Amino acid sequence: MFTELPQRIRVNEVVTRDGFQSEPEFVPTTTKVELINALAGLGLNKIEVTSFVSPRAVPNLRDAAEVFAAITRDTPTRYVALVPNQQGCARALELGVEEINLVMSVSESHNLANMRMTCEQSLQQFGQIADMTAGTGMRLNGSLATSFGCPFEGQPTQERILGLVDAYLERGLHSLTLADTTGMAAPNQVQSLCQAVRARWPELELTLHFHNTRGLGLANVLAALAAGVDQFDASLGGLGGCPFAPGATGNICTEDLVHMLTEMGLQTGVDLDGLLLQSERLAGIVNHDLPGQVRKAGPRRQTRPLPHSVKQLMQDGRT
Ligand code: COA
Ligand code: ZN
């Protein structure tokens, strides 16, 4: 399984979007800006900064424009915003956002719950967004939420997903994210879908977005890696979740992902110690426990001081 893995893995941070969108408390704008600026120096491929969505739908991200205007965009990291419709795209264009993440669900019922649109209406919006952004240099990533299961409808067929990828590409979207919105994916399913997408569109830039709702997050990353996927979304501390999906919980944790990949000898270019520091800071910002594990246990190579009682036994010549 691990013989021919991609050697360089790109890691995208989504904590200030997926993480903060469903927090019980609004995170102050300046705190968001400071966190994004700190994360941007750590070697992440992209940072999904915020969402240009209805402030009534996601009140925690109502400061999206202020956040985008205030961050220092002076690193190689790509700063991304989630956009559901033309109105969101217009806001992103005004702020010179370099990439927008267009999101719709594979399942009609979750798209209606999340975006208050049918899938066809979302696709129409995306076609119009492609026209609006033509010639501006703005990149369009298309995300397919509930790609591995919908909390209302269960598992979609592979045929349905491949059909929607076709629809995205016909509308001129540049890259694709397959998202497991509520952690319903299993490794065999991940490998099979990733293989099918890569076989049909070998040149397409593909990202996998997992949630760890059922403890399968990093197992699913391994399955995607085995299918040749080299780009993953993750959230600092493992914070995250869709406010419009019952039972949704956090994304895979960025520092746990980078720790695993590094220990497997794969290059991410991400500063793990820097992530751990920011994750510690995040726990203070949201003021509750975070699911990430490496922050609590320490990296696996980090040893602990020998207990005094053991030192004593050694000194007494008992060993
Ligand atoms: N940015 C800011 N405001 C927006 C907006 C956008 N992209 N799109 C719509 N609005 C505003 C409209 O101006 C209108 O405001 P008003 O009532 O003050 O006049 C209001 O939202 C309703 O507009 P409408 O077009 O009827 O939208 P809707 O109520 O049918 O909702 C969405 C559609 C897509 C805007 C909404 O469902 C949404 O924002 N969903 C995002 C959900 C999300 O982020 N989920 C988690 C991430 S996957
Ligand atoms: Zn998510």
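Guide: Before we start, one term: donors are N, O and S atoms within 2.8 Å of the metal. Keep in mind, too, that this is a predicted model.

Visitor: Which residues coordinate the zinc ion (ligand 2)?
Guide: Look for donor atoms at 2.0 to 2.2 Å from the zinc ion (ligand 2). One is an OD atom and two are NE2 atoms. They belong to Asp18, His209 and His211.

Visitor: How are the donor residues of the zinc ion (ligand 2) spaced in sequence?
Guide: Asp18 sits in helix α1 and His209 in strand β7 (residues 205-210), so to speak at two distant parts of the chain, 191 residues apart. Written as a pattern, the spacing of the donor residues is D-x190-H-x1-H.

Visitor: Are Asp18 and His209 buried or exposed?
Guide: The cut-off for the first word is under 20% relative accessible area, and for the second over 50%. By that rule, Asp18 and His209 are both buried.

Visitor: What is the volume of the largest pocket, and which element gives the most to its lining?
Guide: The largest pocket has a volume of about 660 Å³. Of its 36 lining residues, the closest to the centre are Val53, Leu82, Pro84, Asn114 and Met115. Elements giving two or more residues to this lining include α1 (15-19), α4 and β4. With four residues, the top contributor is α5.

Visitor: How many charged residues does the lining of the largest pocket have?
Guide: Sort the lining by class and you get 16 nonpolar and 15 polar residues. The charged residues in the lining of the largest pocket number five.

Visitor: Which helix gives the most to the lining of the second largest pocket?
Guide: The second largest pocket holds about 250 Å³ of space. It is lined by 17 residues, and those closest to its centre are Asn212, Leu218, Cys253, Asp256 and Gln293. By class, seven of the lining residues are nonpolar, nine polar and one charged. The helix that gives the most, with three residues, is α9.

Visitor: What is the largest share of the lining of the largest cavity, and where does it come from?
Guide: The count comes to one cavity of 30 Å³ or more, and about 80 Å³ of space lies in the largest cavity. Among the 13 residues lining it, Asn12, Lys46, Glu48, Val80 and Asp233 are the closest to its centre. β1 (10-13), β2 (46-51) and β4 each supply at least two residues of that lining. The largest share is three residues, from β2.

Visitor: Why do the buried residues of α4 line one face of the helix?
Guide: Helix α4 (residues 86-94) has Gly88, Cys89 and Ala92 as its buried residues. Looking down the axis of α4, these fall in a limited arc, so they line one face. On the other side, Gln87 and Glu94 are exposed. The arc that holds the buried residues is 100°.

Visitor: What covers the buried residues of α4?
Guide: The cover comes from elements elsewhere in the chain, two strands and a helix among them. They include β3 (78-83), β4 (99-105) and α6 (119-133).

Visitor: Which residue in the loop between β5 and α7 has a positive phi?
Guide: Most residues other than glycine have a negative phi. In the loop between β5 and α7, a residue that is not a glycine has a positive phi of about 55°. This residue is buried, with a relative accessible area of 1%. It is Thr146.

Visitor: What is the relative accessible area of Arg116?
Guide: Arg116 sits in the loop between α5 and α6. Its phi is positive, near 55°. Arg116 counts as exposed, because its relative accessible area is 75%.

Visitor: Is Asn111 buried or exposed?
Guide: Asn111 is found in helix α5. Not counting residues up to four places away in sequence, it touches several residues, including Met104, Arg116 and Ser122. Its relative accessible area is 0%, so Asn111 is buried.

Visitor: How is Glu159 classed, buried or exposed?
Guide: Glu159 has its place in helix α7 (residues 158-170). Its relative accessibility is 68%, so Glu159 counts as exposed.

Conventions: Residues are numbered from 1 along each chain as its sequence is written. Chains are lettered from A and ligands numbered from 1 in the order in which they are written. This is a predicted model: local features need pLDDT of at least 70, side-chain atom pairs count only at pLDDT 80 or more; totals for chains, interfaces and linings use all residues. Side-chain values use heavy atoms; hydrogens and water are left out. Buried means under 20% relative accessible area, exposed over 50%, partly exposed in between (1.4 Å probe, protein chains only). The arc is that of the directions from the helix axis to the C-beta atoms. Contact means heavy atoms within 4.5 Å. On a 1 Å grid over the protein atoms alone, a cavity is a set of points where a 1.4 Å probe fits but cannot get out, and a pocket is an open set with protein on both sides within 12 Å along at least five of seven lines; lining residues have an atom within 4 Å of a point. Grid points are joined across faces, edges and corners, and a volume is the space filled by probe spheres set on the points. Ala, Val, Leu, Ile, Met, Phe, Trp, Tyr, Cys and Pro count as nonpolar, Asp, Glu, Lys and Arg as charged, and the others, Gly among them, as polar. Donors are N, O and S atoms within 2.8 Å of the metal (3.2 Å for Na, K and Ca); water is not among the atoms, so sites may look incomplete.
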